[in-house]
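Here is a friendly walk through one protein chain, going from single residues out to helices and then to the whole fold. Keep the viewer open as you read.

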Amino acid sequence: MLNQQSTIFISGASDGLGKAIALEIASRTACNLAICGRSEEKLRAVLKQINDINPDCKVIVASFDASDISACNQFADHVLNEFGNISILVNNAGANTKKATVEEMDLNDLNYMFQLNVMSHVAFIQKFL
C-alpha cells in the first residue's frame, strides 16, 4: 500500500514511463522518492514537477548511466543511507540503442544494452533485497 511511509525507487525516471510513474505517485501521497536517469536536465524538470504536485515528497535525484553498475550501487547505497529501505522498486532503466540483425550486431553495442537492460536491474534488486 502506498502511503507517507513508502519509499519508492524508480530508475529511468527522466522520461517516458518512469517519469509518468514518479509524477503519479507524487500526486497520490507525500512519500520518499528516489529517482535516477541519464539526463540531468530532464531529471531537474521531473523534480520540479514533483515539487509542484506535492512539495511534501522527499526526493533524492541522481543522473548517471545505469549501464555503470558501480554508479548504480553508489546511488542505491546513498538512497538506503537516507531512507533506510525501499518499499517499491521500479526497475525502468533501459534502451534499445542499436537495432540490427544478429549478423550485423556490434558486440559492444549488445554488451552495453545487456549492462543497461539486465545487469543494472539485477544490481538494484540485490541492493534492495
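## H121 and its contacts

Beyond the residues up to four places away in sequence, H121 touches N91, N92, A93 and L116. This is a predicted model, and the place of H121 in it is helix 4. Is H121 buried or exposed? Its relative accessibility is 17%, below the 20% cut-off, so H121 counts as buried.

## Q115, also in helix 4

Q115 has its place in helix 4 too. With a relative accessible area of 23%, Q115 is partly exposed. Once neighbours within four places in sequence are left aside, Q115 is in contact with A66, S67, I69 and S120. For one of these partners, I69, the separation along the sequence is 46 residues, while the C-alpha atoms are 7.8 Å apart in space.

## Helix 3: two sides

Helix 3 covers residues 69-83, which makes 15 residues. At 1.5 Å a residue a span of 21 Å is expected, and the end C-alpha atoms are indeed 21 Å apart, so the two agree. Which residues of helix 3 are buried? They are A71, C72, F75, A76, V79 and F83. Looking down the axis of helix 3, you will find these buried residues within an arc of 130°, which means that they line one face of the helix. The spacing has a simple background: an α-helix has 3.6 residues a turn, so residues three or four places apart point the same way.

Q74 and N81 are exposed on the other side of helix 3. The cover over its buried residues includes strand 1 (7-11), strand 2 (32-37), strand 3 (58-63) and helix 4 (107-128). Both ends of the helix offer something to look at. At the N-terminal end, D68 acts as a cap, with a side-chain oxygen 3.1 Å from the backbone nitrogen of S70. Just after helix 3 comes G84, which takes a positive phi of about 90°.

## Helix 2 and L43

Helix 2 (residues 40-53) is where L43 has its place. The helix has 14 residues, which at 1.5 Å each should span 20 Å; its end C-alpha atoms lie 20 Å apart, in agreement. L43, V46 and I50 are buried in helix 2. Seen down the axis of helix 2, the buried residues fall within an arc of 60°, so they line one face. E41, K48 and D52 are exposed on the other side of this helix. Among the elements that cover the buried residues of helix 2 are helix 1 (16-28), strand 2 and strand 3.

L43 itself has a relative accessible area of 1%, so it is buried. What does L43 touch, not counting residues up to four places away in sequence? The answer is A13, S14, I35, C36, G37, V61, A62 and S63. G94 sits 51 residues from L43 along the chain, and the C-alpha atoms of the two are separated by 16 Å.

## T7 in strand 1

Strand 1 holds T7, a residue that is buried, with a relative accessible area of 1%. The side chains of T7 and N32 are joined by a polar contact of 3.1 Å. Leaving aside neighbours within four places in sequence, T7 is in contact with N32, F83, N85, I86, S87 and I88. F83 in this list is also one of the buried residues of helix 3.

## The whole chain

Stepping back, the protein chain has 4 helices and 4 strands. How are they ordered along the sequence? They follow the pattern β-α-β-α-β-α-β-α. Of the contacts with a separation of 6 or more, 70% are between residues 24 or more positions apart.

For 129 residues, a compact globule would have a radius of gyration near 14 Å, and the 15 Å of this protein chain agrees with that. The C-alpha trace spans about 50 × 25 × 25 Å along its principal axes. Buried residues make up 39% of the 129 residues. The accessible surface comes to about 7300 Å², and carbon and sulfur atoms account for 49% of this surface.

Terms used:
Residues are numbered from 1 along each chain as its sequence is written. This is a predicted model: local features need pLDDT of at least 70, side-chain atom pairs count only at pLDDT 80 or more; totals for chains, interfaces and linings use all residues. Side-chain values use heavy atoms; hydrogens and water are left out. Helices (H or I, at least four residues) and strands (E, at least two) are DSSP runs, numbered from the N terminus. The expected span of a helix is 1.5 Å times one less than its number of residues. Buried means under 20% relative accessible area, exposed over 50%, partly exposed in between (1.4 Å probe, protein chains only). The arc is that of the directions from the helix axis to the C-beta atoms. Contact means heavy atoms within 4.5 Å. A polar contact is a pair of N or O atoms within 3.5 Å; within protein, one must be able to donate a hydrogen and the other to accept it, and residues adjacent in sequence count only if both atoms are side-chain atoms. The radius of gyration is taken over C-alpha atoms; the globule rule is 2.2 Å times the number of residues to the power 0.38. Accessible areas come from the Shrake-Rupley method with a 1.4 Å probe; for residues, only the protein chains shown count as cover.
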